[in-house]
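Hi there,

Here is the structure I promised to send you. Have a look at it first, and then read on for what turned up.

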Amino acid sequence: MKKYTPYIFPLVVLGIIFMLVFRWYTLRAERSEYALLGEGVEIENLSQEEMVKSIKGVGDYESIDLTSQDPENNGVVRYELKDDKVRFSVMANLPEPTTEYHVWLRSIDGTAMREVFTLVAGKGGYIGSAALPSELLPFEMIISESAQAEVADENYVLRGTLEVENDLEVEVLNEELN
């Protein structure tokens with residue numbers, strides 16, 4: 001027995017290290033499911049000039065109508081893919097809120113949600129804009145008065161899905177034909 005005692009402590013240390021590495025790897029894999037909530041994802045607010053351009057329609061902007069449970073509430077998202085970023089503006093005609101309208105993003109394949117910005121009252125309704133990496137597409141946009149993600153998903157005012165058709169498929173088909 002005395003000849004095995006010097007090996008016990010190193011085996012215990014190796015076992016602990018193995019368990020820690022395994023735990024780190026599984027947590028890292030779970031975290032990648034929620035890429036929209038990742039610490040490295042930077043969501044930037046657009047400047048006033050960029051927001052005015054997207055609202056007026058200057059540039060190549062696409063638009064998506066937001067759906068609502070109440071027919072009086074309506075809104076639209078105008079977006080543009082540029083420089084590996086999705087620049088989008090939300091414009092909504094909504095009643096006077098009791099608090100503020102929060103814009104949330106939720107990845108299509110996950111349940112994680114992240115608040116992007118709050119809508120600001122303007123002349124034509126409520127507006128807000130932001131830009132984020134295009135690799136996060138597609139995602140669902142939820143507008144709610146709630147500042148909590150769980151409640152916002154259930155009690156939404158407007159919602160819509162931002163899905164952009166992949167232009168890379170068209171480029172690959174053109175290369176194959178040439």
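Which strand gives the most to the lining of the largest cavity? Before the reply, please keep in mind that this is a predicted model. The strand is β9, residues 158-162, which contributes three residues to that lining.

The cavity itself holds about 30 Å³ of space, and the count of cavities of 30 Å³ or more comes to one. Its lining is made up of Ile64, Val77, Met141, Gly160, Thr161 and Leu162. Sorted by class, four of the lining residues are nonpolar, two are polar and none is charged.

Next, take a look at strand β7, which spans residues 125-133. Seven of its nine residues are buried, leaving the strand mostly covered. Strand β3 (residues 85-93) runs antiparallel to β7, and eight bridges join the two. One place to find this pairing on your screen is valine 86, whose bridge partner in β7 is leucine 132.

Strand β6 (residues 120-122) also runs antiparallel to β7, with three bridges between them. Here alanine 121 has tyrosine 126 of β7 as its bridge partner. A hairpin of two residues connects β6 to β7.

Finally, follow the chain past β7 to the loop that leads to β8 (139-144), where you will find leucine 136. Is leucine 136 buried or exposed? It counts as buried, because its relative accessibility is 11% and the cut-off for buried is under 20%. Its C-alpha atom is separated by 9.6 Å from that of isoleucine 108, although their positions lie 28 residues apart along the chain.

Happy exploring!

Notes
Residues numbered from 1 in each chain as written. Predicted model: local features only at pLDDT ≥ 70, side-chain atom pairs only at ≥ 80, totals over all residues. Heavy atoms only, no water. Buried < 20%, exposed > 50% of the residue type's maximum accessible area, 1.4 Å probe, protein only. Helix = DSSP H or I, 4+ residues; strand = E, 2+ residues; numbered from the N terminus. Pairing = 2+ DSSP bridges. 1 Å grid on protein atoms, 1.4 Å probe; cavity = no way out; pocket = protein on both sides within 12 Å on 5 of 7 lines; lining within 4 Å. Points joined across faces, edges and corners; volume = space filled by probe spheres on them. Nonpolar A, V, L, I, M, F, W, Y, C, P; charged D, E, K, R; others polar.
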